[in-house]
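Thanks for bringing this one along. Let's go through it together, one question at a time.

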Amino acid sequence: MSTPPNPDEFYEKLEAQLHDTSSWPAEYLYKFIVKSDTKKISILEGIFDNMGAVINTVESKKGKYTSVSVNLLMRNPTAVIEKYKEVAEKVEGVISL
């Protein structure tokens, strides 16, 4: 049985990778999967509202899940991580890719 990942360690590692691989500010593409529930999708879209984000949604073949892609200019890796945490806190059952 494997140990579940520690979210803090995951975010620290991601932040370090973002620092190493991009020059900031930079365009960043978030990808999420959520159950096809208009309320959850609206909350997710609202988190990125008024930020100049380009948001695309694609429903799965059977309509059970929706993929949400959010592309926007972020000022630094810390801001990227803050948005991931906000989404995880506000949207129940969301999967971040």
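Q: Is E12 buried or exposed?
A: In this predicted model, E12 has a relative accessibility of 57%. The classes are cut so that buried means under 20% relative accessible area, exposed over 50%, and partly exposed in between, with a 1.4 Å probe and protein chains only. E12 therefore counts as exposed.

Q: Which helix does E12 lie in?
A: Helices here are DSSP runs of H or I with at least four residues, strands are E runs of at least two, and both are numbered from the N terminus. The run of residues 7-21 holds E12, and that is helix α1.

Q: What should you know about the numbering and the confidence limits?
A: Residues are numbered from 1 along each chain as its sequence is written, and side-chain values use heavy atoms, with hydrogens and water left out. As this is a predicted model, local features need pLDDT of at least 70, while totals for chains, interfaces and linings use all residues, and side-chain atom pairs count only at pLDDT 80 or more.

Q: How many salt bridges does the structure hold?
A: A salt bridge here is a side-chain nitrogen of Lys or Arg within 4 Å of a carboxyl oxygen of Asp or Glu. E86 forms one with K83, where the closest N and O atoms are 3.3 Å apart. E86 also forms one with K90, at 2.9 Å. The number of salt bridges in the structure is two.

Q: Which residues do the shared salt bridges join into one network?
A: E86 and K83 sit three residues apart in helix α3 (residues 77-90), about one turn of the helix. E86 and K90 are four residues apart in α3, also about one turn. Salt bridges that share partners make one network of K83, E86 and K90.

Q: Is K83 buried or exposed?
A: Two residues of the network are partly exposed: E86 at 23% relative accessibility and K90 with a relative accessible area of 45%. For K83 the relative accessible area is 12%, so K83 is buried.

Q: Which strands stand at the edges of the sheet?
A: The open sheet has four strands in the order β2-β3-β1-β4, with antiparallel pairing; two strands pair if DSSP finds at least two bridges between them. Each edge strand has a single partner strand, so one side of it is left without a neighbour in the sheet. The edge strands are β2 (54-59) and β4 (95-96).
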